[in-house]
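Me: I'm new to reading structures, and I'd like to go through this one slowly. Could you take my questions as they come?

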Amino acid sequence: MRRWILYALVMGLVLFVSPVEKTDVGELKPVELLYIRYTDENKVRIETDTGDLGVGETLEDALSDLKATASGNIFLDTADYLVIHRNAVTLLPKLWNILRPGTEVCIGEEGREETVDFLSAHKPGVTLNDIRSGRQTLPVLKRTEERYRIEFESNYRPAE
Amino acid sequence: MQDTGMLSWGESMTDGEIRELFGDTEDLIAREIRCGGFRLYAYAIDGMVSGSEMSEYILKPISENLRENTIEELYAAALRGAVYNSVADACDSVQTVAGKLVNGFCVVLFPGAGAIAFEIKSGTRRSPSPPEVENTVKGPKDAFVETVRINTSLIRRHLRTPELRFTGMTVGKRSMTHVSIAWIRGITNHELVTRMENRVKSIDIDGLLSPSAVEEYITGSRATAFPLLQYTERADKFCQGLLDGRIGLLVDGLPLGYLAPADLGYLMESPEDRSRDYVSATCVRILRYCALVLSLLLPGFYIALAVFQQEMIPLPLLRSIIESKENVPFSTTLEVLGLLIAFELLQESGIHLPQAIGQSVSTIGGIVVGTAAVEAGLISPAALIVVSIAGVCGFVLPNRDLAEAIRVWRFGIAALGAAAGLFGVTVGFLILLIHLSGLTCLDVPYLSPFSEGKNFGILRLRLKFRKFRNEKLHPVDKRNQK
């Protein structure tokens, strides 16, 4: 009997001292693509393929805004692609700590649902981890006459 | 009393005493017989004895063969074989007479000389049939029945050694159940036999009628859901246990044999393991252990990942889970725990209903209702699949008692997973390991097959390499082959 009381105490302890936060998988809004750029007012603007938007003075502010205004619990760990505007490539080092290292990156000027379809078929092939390890080139997503195309831009080195 | 050369302790027994013992019960046959001018009394319990054999092998020889001058001589002649019956036991007290009567004997009272019990048991008993639970494709098909003597004969057919011993005892003040301890002299450690005998002798209850009564009293009713005795309905498995140096226990009225000590390794063994080649048997055994882990941990693991550690789920799978849960109104915890309860209910209903209806209920409940619930968006397919896999894996376990213990712990670990994610699942698993490490049966640790790390008790070695018996049992003869 004493043993079972001990087990119950341990279980109680686990319930109350649990170090992790609870979010049911059903409440998550998985993001597949993020598009980040600086606006004309020099604010960071984050758009997602789910149609959610976050704007802020810094990347952190924009992310907080995105999470606060999204119609669900935004889950960035599912992001497969990051399309980053030329004017925002300096944010890449910060994004290493926010997104998965395997998130594929390209430079582009828009991030829409059809962009996801294109990138799924024609993968950029460069991940955040590659850039972190010192890769010098980044693919560029170009759009001409309603068609996408990926090209590589050499001698690229994001600012630390 | 005239010296007849036969010793009798029951000469003071009277007809009235025997009749009084059974009162006015309708199934007591009491008959007065005249024999050479003396009055004898024959008693039997209707239904327990064969009427025709009673007439042929007791009443007829008494009236034809007994011609002595005194009652003592009649008694002695009957005991020496004038009444031709394979078993003729002198009864020394009214209690012995009662014991013999309820065990299918006919007792003849020679007033003033004693009483003799002749065996004429009724032939109405179930014959050995194929095992219902522990079926094998190639193995023997003889399973235990409710009559302990038939079971001992089945064991004798498999083990013809004269060193096979059955120690009989009567347990239960009212049920007077015959319990037989089986062991092999020269193999089984005698201390184990003595301890088992002491345990059986110490049982002081009205009736030993159900398997749980046997298990709880023999094992000392430990606070655990895990079985500390291994049961089997197969005579060959029982005999293999005896050859390994274990103790067997047969209880009259139960179509089972118990083997002790039991540890997790024994409980995970299937009779099929010895009917197939060692490579296949080892593969299946590894699969069985995987099933044990899946059955125990999968629901808790799924809840933990879905509620706390989503980043650990591979992305395509996570997306598919999220999509499948889009319209489900319940949380993952409620879904999985609810489905586990529904699964248990279905299983219970299947057991209590007749076999044909039980199968229909399982089909309707499992497939039709499950599919409808998924289509209606009440549960997600992922949760249904997780619970189904855990349930099916539970059925893979060869011992039902072990599977039931796993079912109980599965709930606890799932609840801990819902409370604290993988941290909770790990804590639950550690508690279980601590609990199992503390269990012993006749001083053999429950996890002993895994304690030395030789083959982790999982592999089925080639029989020719298994030269030694389990040393944890301290067998008298440690080698089983050269």
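Me: To start with chain A, what percentage of its 160 residues is buried?
Reply: Buried residues make up 32% of chain A, and please keep in mind that this is a predicted model.

Me: How many helices and strands does chain A have?
Reply: Chain A has five helices and nine strands, and from the N terminus on its elements follow the order α-β-β-β-β-α-β-β-α-β-α-α-β-β.

Me: Now chain B. In what order do the strands of the open sheet with five strands come?
Reply: The order in chain B is β6-β7-β9-β10-β8, with antiparallel pairing. As general background, strands of a sheet pair through backbone hydrogen bonds, either parallel or antiparallel.

Me: Which strands stand at the edges?
Reply: Those are β6 (164-171) and β8 (230-232) of chain B, and because each has a single partner strand, one side of each is left without a neighbour in the sheet.

Me: What is the average angle between neighbouring strands there?
Reply: Neighbouring strands of this sheet are turned by 25° against each other on average, if direction is ignored.

Me: Let's look at the β6(B) edge. How many bridges join β6(B) to β7(B)?
Reply: Eight bridges join these two antiparallel strands, and within the pairing B:Gly168 stands opposite B:Ser180 of β7(B). The two strands form a hairpin with five residues between them, and in the turn B:Gly172 has a positive phi of about 100°.

Me: And on to β9(B), how many bridges does β7(B) make with it?
Reply: β7(B) and β9(B) pair over four bridges, again in the antiparallel sense, with B:Val179 opposite B:Val251 in β9(B).

Me: Is β7(B) mostly covered or mostly open?
Reply: β7(B) is mostly covered, since eight of its eight residues are buried. Both of its faces are covered: one side has B:Thr177, B:Val179, B:Ile181 and B:Trp183, while the other has B:His178, B:Ser180, B:Ala182 and B:Ile184, and all of these are buried.

Me: Which helix lies across β7(B)?
Reply: Helix α6 of chain B, residues 190-201, lies across β7(B) and also across β6, β9 and β10 of chain B, and it runs at about 175° to β7(B).

Me: Back to the other edge, then: which strand pairs with β8(B) over three bridges?
Reply: That is β10 (residues 257-260) of chain B, which pairs with β8(B) in the antiparallel sense; in this pairing, B:Gly257 of β10(B) is the bridge partner of B:Thr232.

Definitions and conventions
Residues are numbered from 1 along each chain as its sequence is written. Chains are lettered from A and ligands numbered from 1 in the order in which they are written. This is a predicted model: local features need pLDDT of at least 70, side-chain atom pairs count only at pLDDT 80 or more; totals for chains, interfaces and linings use all residues. Two strands pair if DSSP finds at least two bridges between them. Axes are lines fitted to C-alpha atoms, for helices over the stretch in contact, and angles run from 0 to 180 degrees between N-to-C directions. Two residues are in contact if their C-beta atoms, placed from the backbone, lie within 7 Å. A residue is buried if 20 or more other C-beta atoms lie within 10 Å of its own, exposed if 12 or fewer, and partly exposed in between; C-beta atoms are placed from the backbone.
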